[in-house]
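Please open the structure in your viewer and keep the selection tool at hand. The tour below proceeds stop by stop, stating what to select and what is found there.

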Amino acid sequence: RTTVSDGINGVLIEPRNTQALIDAMQRIAEDPGWAVAMGKASRRLAEQRFDVKVVNATIIGRINEAMRVQA
């Protein structure tokens with residue numbers, strides 16, 4: 001859930017809310033451009049948060065911080 005912003009890069013539906021699911025699917029079917037825009041937003045989010053270079057830099061930075069604190 002933390003990677004989905006409702007209406008920006010996906011649609012959040014409450015569990016067992018069949019009507020909300022139907023409504024979301026219908027909106028996507030009627031406005032395929034919205035689905036494309038959400039897909040692009042999801043791709044940007046994935047590249048920003050989960051790219052291996054970004055993740056590795058974050059891990060190395062935190063290791064370096066921990067080592068400075070212990071020194």
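## A patch on the surface

Begin by selecting Phe-50, Val-55, Ile-59, Ile-63 and Met-67, which form a nonpolar patch on the surface. Together these residues have about 460 Å² of accessible area. Please bear in mind throughout that this is a predicted model. Which helix supplies the largest share of the nonpolar patch? The answer is helix 3, with four residues. Ile-63, for example, lies in helix 3.

## Helix 2 against helix 3

Next, select residues 32-50, which are helix 2, and residues 52-70, which are helix 3. The two helices pack at an angle of about 30 degrees, and their axes are 5 Å apart. Because of this angle, helix 2 is roughly parallel to helix 3; angles under 35 degrees are counted in that way.

To view the contact itself, select Glu-47, Gln-48, Arg-49 and Phe-50 on helix 2, then add Val-52, Val-54 and Val-55 on helix 3. Sorted by class, this contact of helix 2 with helix 3 has four nonpolar residues, one polar residue and two charged residues.

## A salt bridge within helix 2

Keep Glu-47 selected and add Arg-43: their side chains meet in a salt bridge, at 2.7 Å from N to O. Side chains of opposite charge can pair when their charged atoms come close. Where do these two residues lie? Both Glu-47 and Arg-43 are in helix 2, four residues apart, which is about one turn of the helix. The count for the model comes to one salt bridge.

## Helix 1 against helix 2

For the last stop, select residues 18-30, which are helix 1, and show helix 2 with them. Here the helices pack at an angle of about 100 degrees, with their axes 4 Å apart. Helix 1 and helix 2 are therefore roughly perpendicular to each other.

Now display the side chains at this contact. On helix 1, choose Arg-27, Ile-28, Ala-29 and Glu-30; they meet Pro-32, Trp-34, Ala-35 and Met-38 of helix 2. The residues in this contact of helix 1 with helix 2 comprise six nonpolar, no polar and two charged.

How values were computed
Residues numbered from 1 in each chain as written. Predicted model: local features only at pLDDT ≥ 70, side-chain atom pairs only at ≥ 80, totals over all residues. Heavy atoms only, no water. Axes fitted to C-alpha atoms, helices over the stretch in contact; angles between N-to-C directions. Parallel < 35°, antiparallel > 145°, perpendicular 65-115°, else oblique. Contact = heavy atoms within 4.5 Å. Nonpolar A, V, L, I, M, F, W, Y, C, P; charged D, E, K, R; others polar. Patch = residues over 30% accessible without salt bridge, like charges linked within 9 Å, V, L, I, M, F, W, Y side chains within 5 Å. Areas by Shrake-Rupley, 256 points an atom, 1.4 Å probe, with all protein chains shown as cover. Salt bridge = Lys/Arg side-chain N within 4 Å of Asp/Glu carboxyl O.
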